[in-house]
Amino acid sequence: MPRFRMTVEYDGGPYVGWQRQENGPSVQGAIEAAVLSLTGETVSVRGAGRTDSGVHAMGQVIHADLSKDWSPYKLQNALNAHLRLAGERVSILDVEAVPEFFDARFSALRRHYLYRIVSRRAPLALEAGKAWWVPKALDHEVMHAAAQRLVGRHDFSTFRSAHCQANSPVRTLDRLDVTRNGELIEIRATAQSFLHNQIRSFAGTLKLAGEGKWTPDDVEAALQARDRKACGPVAPPDGLYFMQVDYPDVITDRRRPISDTDDDADLS
């Protein structure tokens, strides 16, 4: 069956998350319903990573197997038409035909996330639901210095949800940068895989450093504690975006990248 790789954008606000669930609408379910409406086929689409309720995406990658060998351009337009008619807050940005052994999850080399904080006294109007409003001044340089204590290969038990189902808390964090542009503070994270709530846990902890309540040493001590109780408050999902997935330039065989773990949680 022809396999198609798709890049997806969505507003996570109306959904219980990426993964299909019984307690409400999901992004996965919306796309599968659009495929069913278009083709009459019941398919299971596979994503590069899962996201929690309220988390957004600008570059989620998925794949789906269809019986018809569609033109990627026509498939993109047709799926977007069905998503739009259904009132979904989901858009297919790109479609590409790929070999049958391409896997949106297991072929991934790195995943990139962004967390957005708006630091100002006035509440959010246009950005409500799209960023974390913090009505206090934050020192982004201290936040960045603290973030560097978390980069590298560590046991991230402190920064994962108590409900995380990953077998191991060990991950390699390639990047955790904090920058500022006016009122907007951006936290950018890159790794092959993430633990459940890991980035939101980072964001909440780094906020404490930005407020002057914690020092970079305190953040490192929390990491070394390997104890969820040592973590700062978990930041809300509003500010988190799944930005991009990196793959090998050419996928020529069935071999998978060397992974931290095969139980990729990625419910960041």
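Strands, such as the one that opens this tour, are DSSP runs of at least two E residues, numbered from the N terminus. The model on screen is a predicted one.

**Stop 1: Arg110**

Select Arg110, which is placed in strand S5. With a relative accessible area of 32%, Arg110 is partly exposed. Now add Asp246 to the selection: although the two residues are 136 apart along the chain, their C-alpha atoms are separated by 5.1 Å. Leaving aside residues up to four places away in sequence, Arg110 touches Asp174, Thr190, Ala191, Gln192, Gln244, Val245 and Asp246, so showing these side chains will display the surroundings of this stop.

**Stop 2: Asp103**

Step back along the chain to Asp103, in the loop that runs between strand S4 (90-98) and strand S5 (110-119). Is Asp103 buried or exposed? Its relative accessibility is 14%, and because buried means under 20%, Asp103 counts as buried. A polar atom of the Asp103 side chain lies 2.9 Å from the backbone nitrogen of Arg105, a distance that can be displayed by selecting both residues. Beyond the residues up to four places away in sequence, Asp103 touches Arg46, His63, Ala108 and Tyr247.

**Stop 3: helices H1 and H2**

Select residues 27-39 for helix H1 and residues 72-85 for helix H2, whose axes come within 9 Å and cross at roughly 110°. Angles of 65 to 115 degrees count as roughly perpendicular, and H1 is therefore roughly perpendicular to H2. On the H1 side the contact is made by Ala30, Ile31, Ala34, Val35, Ser37 and Leu38, and on the H2 side by Leu75, Ala78, Leu79, His82 and Leu83. Coloured by residue class, the residues of this contact divide into nine nonpolar, two polar and no charged.

Within that contact, centre the view on His82, found in helix H2. His82 counts as partly exposed, at 23% relative accessibility. Which residues does His82 touch, once those up to four places away in sequence are set aside? They are Ala34, Ser37 and Leu38. The side chains of His82 and Ser37 are joined by a polar contact of 2.8 Å, while the C-alpha atoms of His82 and Ala34 are 5.4 Å apart in space, with their positions 48 residues apart in sequence.

**Stop 4: Ala137 and Glu211**

Next, select Ala137, which sits in the loop between strand S6 (132-134) and helix H3 (140-148). At 69% relative accessibility, Ala137 counts as exposed. Then add Glu211, in the loop between helix H4 (198-210) and helix H5 (216-225). Ala137 and Glu211 are 74 residues apart in sequence, yet from C-alpha to C-alpha they are 6.9 Å apart in space.

The contacts can be followed from both sides, again without counting residues up to four places away in sequence: Ala137 touches Ser119, Gly210 and Glu211, and Glu211 touches Lys136, Ala137 and Leu138. Turning to the side chain of Glu211, look for its polar contact with the side chain of Lys207, at 2.8 Å.

**Stop 5: two positive phi angles**

Most residues other than glycine have a negative phi, and the next two selections depart from that pattern. The first selection is Asn197, whose phi is positive, near 70°. Asn197 is placed in the loop between strand S9 (184-191) and H4, and it counts as buried, at 11% relative accessibility. The other selection is Arg226, with a positive phi near 50°, found in the loop between H5 and strand S10 (240-246). Arg226 is partly exposed, with a relative accessible area of 46%.

**Stop 6: Cys164 and Cys231**

Finish with the cysteines. How many disulfides does the structure hold? The structure holds zero. Select Cys164 and look for the closest cysteine sulfur, which is in Cys231: the sulfur of Cys164 is 13 Å from it, too far for a bond, because a disulfide needs the two sulfur atoms within 2.5 Å. Cys231 is likewise in no disulfide, the sulfur of Cys164 being its nearest cysteine sulfur. As for their surroundings, Cys164 is buried, with a relative accessible area of 13%, and Cys231 also counts as buried, at 13% relative accessibility.

Technical notes:
Residues are numbered from 1 along each chain as its sequence is written. This is a predicted model: local features need pLDDT of at least 70, side-chain atom pairs count only at pLDDT 80 or more; totals for chains, interfaces and linings use all residues. Side-chain values use heavy atoms; hydrogens and water are left out. Helices (H or I, at least four residues) and strands (E, at least two) are DSSP runs, numbered from the N terminus. A polar contact is a pair of N or O atoms within 3.5 Å; within protein, one must be able to donate a hydrogen and the other to accept it, and residues adjacent in sequence count only if both atoms are side-chain atoms. Contact means heavy atoms within 4.5 Å. Axes are lines fitted to C-alpha atoms, for helices over the stretch in contact, and angles run from 0 to 180 degrees between N-to-C directions. Angles under 35 degrees count as roughly parallel, over 145 as roughly antiparallel, 65 to 115 as roughly perpendicular and the rest as oblique. Ala, Val, Leu, Ile, Met, Phe, Trp, Tyr, Cys and Pro count as nonpolar, Asp, Glu, Lys and Arg as charged, and the others, Gly among them, as polar. Buried means under 20% relative accessible area, exposed over 50%, partly exposed in between (1.4 Å probe, protein chains only).
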